[in-house]
Amino acid sequence: MAALQPVRGTHDLLGEDARRHAHIVATFKSVAYRYGFQDISTPIFEFSEVFHRTLGETSDVVSKETYTFTDRGGESLTLRPEMTAGIARAFISGGLAKDLPLKLCGHGPMFRYERPQKGRMRQFHQVDVEVLGVPEPQADIEVLALGADFLAELGLAERVELHLNTLGDAESRSAYRQALIDYFSGFKDRLSEDSVKRLDRNPMRILDSKDAGDREIVAGAPRMHDYMNEISRDFFARVRAGLDALGIAYTIDERLVRGLDYYSHTAWEFVTTDLGAQGTVLGGGRYDGLIALMGGPQTAGIGFAAGIERLAMMIDTPPLPARAIAVVPIGPAAEVPALAIAHRLRKAGFTVEQGYRGNVGKRLERAAKAGARVALMLGDDELAAGTVKCRDLDTREESAVALDALETALAAYR
RNA sequence: GCGGGUGUAGCUCAGUUGGUUAGAGCGCCAGAUUGUGGCUCUGGAGGUCGCCGGUUCGAGACCGGUCACUCGCCCCA
C-alpha cells in the first residue's frame with residue numbers, strides 16, 4: 001500500500017494508543033513512588049557483552065533475538081532486550097554499592113528480533129523495577145505487592161492471576177537441574193525435538209512444554225521442591241507468609257521457570273487468558289548472582305518488568321485530557337487580541353485551543369470536535385466593549401465576560 | 001526460524017462463472033449559512049485493486065513468487 005512502512009514489528013503511537021501507554025506509565029510511576037522507588041534511565045544500547053554475559057549465551061534472547069551491530073568505531077553494540085542488565089551495569093560503573101539499598105524504577109523501549117504476533121513486537125515497551133542490596137524476602141514481598149497494586153490500579157485485578165514459584169538458591173537449582181537431566185535422558189527417544197534440544201540447554205524448560213507427549217513424561221518428572229535445601233525452603237516460606245499477610249492471592253506453579261540464566265529463588269508471572277498466546281503481562285524474579293557475575297561486588301537483586309503493549313490491550317479507555325477552552329476570533333481585527341488571550345490563559349494554567357482558520361462556524365465545529373468545553377468569541381463588538389462572548393459548547397448558552405475578569409469567570413474550567 | 005489465514009479509498013467492507021468508465025457507508029474538504037458547531041441537503045477530493053511476473057482477446061478476480069499484516073509454534077513483557 002503505502003510506499004513507506006514502519007520497520008516490521010514496530011509501530012507508531014498516536015491518539016488513544018498513545019494515551020493508553022502514557023496512562024500505564026503514569027500509573028506505574030505513581031505506584032512506584034509510593035513504594036519509595038526513584039527513577040532511573042539507562043541507555044537503550046550497551047556494549048554487547050553486557051547482555052551476552054549476563055543473559056547467558058544459551059538463552060534464546062541472546063542466541064537469536066538481539067539486535068547487535070558494529071558502530072563506526074568497530075565496537076559491538078546491542079539494543080537492550082530488557083532493562084535489568086543495563087541497570088546492573090550502571091550500578092557497577094557508577095560505583096553505587098555505597099548507596100544500598102537502591103530501589104529503582106524505569107520504563108522505555110526494548111528490542112527483540114522475533115516474529116511479531118499479537119502482544120509481541122520487535123520494539124516494545126516495558127516498565128521495570130529493581131531492588132538492589134536487599135537479600136531478605138521482605139524485598140520479594142514488597143516488589144510483588146507493588147506489581148499487584150500496579151495492576152489493580154489499572155483495573156486489571158480480576159483479569160490477572162499471580163503464578164509463583166521458587167528456583168531455589170544456586171545449590172538447589174543445580175541439584176534439581178541434574179536430577180532433571182538424569183530423568184529426561186531416559187526418555188530421549190520419546191521427547192519432542194524441541195525438548196531434546198532443551199535437555200542440554202535448559203532442561204527446566206521441558207517442564208512447561210506444550211507438546212502432549214512431553215507432558216506425559218513431565219508428569220513423572222522429579223519435583224523442584226524435593227531438591228530444595230533448607231535455606232531455599234525457608235526463604236520461599238517467608239515470601240509466601242508475607243503475601244498471605246498482605247492478602248495477595250497466588251497459585252504455586254512448579255512449572256514456572258525463567259528463560260534468563262541469572263534468576264534464583266522467587267520467580268513469578270502475572271498471567272491472563274485474554275491475550276492469546278502471550279499470557280504473561282508482568283514477570284519478575286530474584287537475581288542475587290547477577291552483579292557479581294558481571295564483575296561487581298556480590299549484591300542481591302530482585303525486580304520485575306511488565307509489557308506496556310500487553311497492558312494497553314487490556315485496560316479500559318483512559319480518561320481524556322482536560323477539556324480545552326477554544327478561542328475564536330471573528331474578523332481580522334480580532335486575530336491578534338485572540339492570540340493574546342490564548343497566551344494569557346495558558347500562562348494562567350488553562351488548557352487553550354485555537355482554530356487557526358475558517359469562518360466562525362468552522363472554528364466552532366473544530367472546537368467542538370476537539371472536545372472543547374467553552375468557546376471565547378471576540379469580534380469588533382466585543383473589542384469595542386472590552387469583553388469576550390463565552391459560549392458553552394454543550395448547552396449553547398452565551399454570556400458576555402469582561403476581559404479583566406476572564407480568569408475568575410473561567411475558574412471552573414481550569 | 002517454522003506452519004495457517006488475510007491484503008480493494010483515511011476506516012469498515014461490497015465487487016456475480018474472468019468482460020469494457022472499480023462501488024457503498026463512515027470520515028475528510030467546500031457550499032447552502034461572508035458573527036455561531038453537533039441535524040439536514042448538495043457538491044468535491046481521495047484508488048498504480050500490496051508489489052513483481054505468468055495464463056488469457058481480456059485479470060481486482062485464476063496461477064507462481066515476493067512483501068506486509070495477522071494467528072499459532074519456539075521464546076518471552
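## Exercises on a mixed sheet and its surroundings

Strand 10 and strand 11 run antiparallel and are joined by five bridges. The model you are looking at is predicted, so keep that in mind as you work through the exercises.

**Exercise 1. Find which residue of strand 11 stands opposite Gly 283, then follow the pairing outward from strand 10.**

Step 1. Start at Gly 283 and look across to strand 11: the residue opposite is Ala 305.

Step 2. Now turn to strand 9, which pairs with strand 10 in the antiparallel sense over six bridges. A handy landmark here is Ser 264, with Arg 286 of strand 10 opposite.

Step 3. Check the surroundings of strand 10. Six of its seven residues are buried, so strand 10 is largely enclosed by the rest of the structure.

**Exercise 2. Work out in what order the strands of the open sheet lie, and which strands are at its edges.**

Step 1. Go back to strand 11 and look for its pairing with strand 6: seven bridges join the two, and they run antiparallel. Glu 130 stands opposite Gly 303 in strand 11.

Step 2. Move on from strand 6 (residues 123-132) to strand 5 (residues 102-111), an antiparallel pair joined by 10 bridges. Two positions help you align this pair: His 107 faces Val 127, and Met 110 has Phe 124 as its bridge partner.

Step 3. Put the whole sheet together. Its eight strands follow the order 1-5-6-11-10-9-7-8, with mixed pairing. Strand 1 (38-39) and strand 8 (251-252) are the edge strands, each pairing on one side only.

Step 4. Ask how enclosed strand 6 is. Nine of its 10 residues are buried, so strand 6 is largely enclosed by the rest of the structure.

**Exercise 3. Identify which strands helix 1 and helix 9 lie across.**

Step 1. Take helix 1 (residues 15-34). Helix 1 lies across strands 1, 5, 6 and 11 (301-307), and runs at about 165° to strand 5.

Step 2. Take helix 9 (residues 230-246). Helix 9 lies across strand 7 (161-166), strand 8, strand 9 (264-271) and strand 10 (280-286), at about 160° to strand 7.

**Exercise 4. Find which residues have the most contacts inside the largest nonpolar core, and which helix gives the most to it.**

Step 1. The largest nonpolar core has 43 residues, and Phe 150 and Trp 268 have the most contacts inside it. Helix 5 (residues 137-153) is the main contributor, giving eight residues.

Step 2. List partners of Phe 150 beyond four places in sequence. Among them are Ile 24, Phe 28 and Val 31, along with Val 127, Leu 282 and Leu 311.

Step 3. Helix 5 also turns up at the second largest pocket, where it supplies the largest share of the lining, five residues. This pocket holds about 240 Å³ of space. Its lining has 15 residues, and those nearest the centre are Ala 148, Ala 157, Ile 248, Ala 249 and Phe 270.

**Exercise 5. Decide whether Leu 207 is buried or exposed, and find what it touches.**

Step 1. Locate Leu 207 in the loop between helix 7 (193-201) and helix 8 (212-219).

Step 2. Use the cut-off: buried means under 20% relative accessible area. Leu 207 has 4%, so Leu 207 is buried.

Step 3. Look beyond four places in sequence. The contacts of Leu 207 include Tyr 176, Leu 180, Phe 184 and Arg 255. The C-alpha atoms of Leu 207 and Arg 255 are separated by 5.5 Å, although the two residues are 48 residues apart along the chain.

Conventions
Residues are numbered from 1 along each chain as its sequence is written. Chains are lettered from A and ligands numbered from 1 in the order in which they are written. This is a predicted model: local features need pLDDT of at least 70, side-chain atom pairs count only at pLDDT 80 or more; totals for chains, interfaces and linings use all residues. Side-chain values use heavy atoms; hydrogens and water are left out. A nonpolar core is a set of buried Ala, Val, Leu, Ile, Met, Phe, Trp, Tyr and Cys residues joined through side-chain atoms within 4.5 Å. Buried means under 20% relative accessible area, exposed over 50%, partly exposed in between (1.4 Å probe, protein chains only). Helices (H or I, at least four residues) and strands (E, at least two) are DSSP runs, numbered from the N terminus. Contact means heavy atoms within 4.5 Å. Two strands pair if DSSP finds at least two bridges between them. Axes are lines fitted to C-alpha atoms, for helices over the stretch in contact, and angles run from 0 to 180 degrees between N-to-C directions. On a 1 Å grid over the protein atoms alone, a cavity is a set of points where a 1.4 Å probe fits but cannot get out, and a pocket is an open set with protein on both sides within 12 Å along at least five of seven lines; lining residues have an atom within 4 Å of a point. Grid points are joined across faces, edges and corners, and a volume is the space filled by probe spheres set on the points.
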